[in-house]
Amino acid sequence: MTKFNGMLHIQVFVFNPFQENTYILYDETNECVVVDPGCYEEDEKIELADFIEANNLTVTRLLNTHCHIDHVLGNAFVKEKYKTKLYIHRNDEPVLRAVSAYAPNYGFNLYQETAPDVFLEEGDVINVGNQEFEVLFVPGHAPGHVAFYNKKEKVVIGGDVLFQNSIGRTDLPGGNLDTLINSIHQKLFTLPDDITVYPGHGPKTTIGFEKLTNPYCALTTN
Ligand SMILES: [Zn+2]
Ligand SMILES: [Zn+2]
């Protein structure tokens with residue numbers, strides 16, 4: 001389904017057995033970025049490529065919110081097909097490098113490793129056509145987790161930090177519950193209530209709704 005927010009279009013695909021949300025963000029210029037391509041099976045790659053072709057989009061960047069296996073399975077495919085650079089936070093480079101060692105344990109024997117090209121920093125601005133996304137550093141689920149915040153269109157592409165009435169797990173290497181709760185309170189709950197959160201799994205939600213109803217976010221580290 002395509003989501004229209006002003007001139008920003010947000011296309012979501014649900015890929016791989018982890019039911020991961022892959023996003024294509026684009027606007028009227030037809031420039032797009034691919035965020036967290038989880039496509040692994042051939043039909044998933046075709047679905048992604050067909051959408052890009054049908055909408056006459058030009059892929060300018062490949063972005064990862066973080067580098068767990070479910071979010072990076074399609075990195076090599078996107079990078080090679082569209083000759084684009086991979087942007088991640090430096091702190092998730094070890095997370096990305098670890099994937100090829102454990103991919104076979106999850107049955108992903110054909111996972112292809114790719115190196116990052118550009119490191120993202122808190123406060124960086126990613127342009128997608130006429131749209132601007134600010135990089136928020138939100139570690140805790142992964143050590144180099146980032147989110148992409150579009151103030152004007154009131155959306156944040158949040159990865160696995162904050163879900164509808166849940167939060168990201170913190171038991172994986174580099175995860176930390178206090179750090180995650182701090183990221184949510186300091187970086188996400190300080191955004192306006194009407195910001196829509198597009199998470200790495202499950203349905204979208206809003207900052208205001210999660211502040212009121214998320215059972216995990218009553219937790220503080222103080
Ligand atoms: Zn994750
Ligand atoms: Zn995930």
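Q: Where does Asn-16 lie?
A: Asn-16 lies in the loop between β2 (8-15) and β3 (20-26). Keep in mind that this is a predicted model.

Q: OK, and what's up with its phi?
A: Asn-16 has a positive phi of about 65°, and it is not a glycine. For context, most residues other than glycine have a negative phi.

Q: Is Asn-16 buried or exposed?
A: Asn-16 has a relative accessible area of 5%, so it counts as buried.

Q: Which residue in the loop between β10 and β11 should I look at next?
A: Try Lys-154, which is found in that loop, between β10 (146-150) and β11 (155-159). Its phi is positive too, near 60°, and Lys-154 is a residue other than glycine.

Q: How much of Lys-154 is accessible?
A: Its relative accessible area is 34%, so Lys-154 is partly exposed.

Q: Let's zoom out. How many helices and strands are there in the chain?
A: The chain has six helices and 15 strands.

Q: What about the radius of gyration?
A: It is 16 Å for the chain. A compact globule with 222 residues would have a value near 17 Å, so the two agree. The C-alpha atoms fill a box of roughly 45 × 40 × 30 Å along the principal axes.

Q: What share of the residues is buried?
A: Of the 222 residues, 55% count as buried. The accessible surface of the chain comes to about 9700 Å², and 50% of that belongs to carbon and sulfur atoms.

Q: And the contacts, how many join residues far apart in sequence?
A: Taking contacts between residues at least 6 apart in sequence, 62% join residues at least 24 apart.

Q: What about charges?
A: There are 16 positive and 30 negative charges in the chain, and their mean positions are 4 Å apart.

Q: Now the inside. Which residues have the most contacts in the largest nonpolar core?
A: Those are Ile-24, Leu-48, Ile-52 and Tyr-111, in a core of 30 residues. Helix α1 (residues 42-54) gives the most to this core, with four residues.

Q: What does Leu-48 touch?
A: Leaving out residues up to four places away in sequence, Leu-48 touches Phe-13, Phe-15, Thr-22, Ile-24, Cys-39, Phe-77 and Val-78.

Q: What does the second core include?
A: That one is separate and has 20 residues, including Leu-120, Phe-133, Val-146 and Tyr-198.

Q: Phe-77 and Val-78 came up a moment ago. Which residues of α3 are buried?
A: Both of those are, along with Asn-75, Ala-76, Lys-79 and Tyr-82. That makes six of the eight residues of α3 (residues 75-82), so the helix is largely enclosed by the rest of the structure.

Q: What do they pack against?
A: The buried residues of α3 pack against β4 (31-35), α1, β5 (58-63), α2 (69-72), β6 (86-89) and α4.

Q: And what follows α3?
A: Lys-83 does, with a positive phi near 50°.

Q: Last one: where is Pro-116, and is it buried or exposed?
A: Pro-116 sits in the loop between α4 (93-102) and β7 (118-120). Its relative accessibility is 15%, so it counts as buried.

Q: What is Pro-116 in contact with?
A: Apart from its neighbours within four places in sequence, Pro-116 is in contact with Leu-86, Ile-88, Glu-93 and Leu-96. Leu-86 is 30 residues from Pro-116 in sequence, yet their C-alpha atoms are 5.0 Å apart.

Conventions
Residues are numbered from 1 along each chain as its sequence is written. Chains are lettered from A and ligands numbered from 1 in the order in which they are written. This is a predicted model: local features need pLDDT of at least 70, side-chain atom pairs count only at pLDDT 80 or more; totals for chains, interfaces and linings use all residues. Side-chain values use heavy atoms; hydrogens and water are left out. Helices (H or I, at least four residues) and strands (E, at least two) are DSSP runs, numbered from the N terminus. The radius of gyration is taken over C-alpha atoms; the globule rule is 2.2 Å times the number of residues to the power 0.38. Buried means under 20% relative accessible area, exposed over 50%, partly exposed in between (1.4 Å probe, protein chains only). Contact means heavy atoms within 4.5 Å. Accessible areas come from the Shrake-Rupley method with a 1.4 Å probe; for residues, only the protein chains shown count as cover. Lys and Arg count as positive and Asp and Glu as negative; His and the chain ends are not counted. The place of a charge is taken as NZ of Lys, CZ of Arg, CG of Asp or CD of Glu. A nonpolar core is a set of buried Ala, Val, Leu, Ile, Met, Phe, Trp, Tyr and Cys residues joined through side-chain atoms within 4.5 Å.
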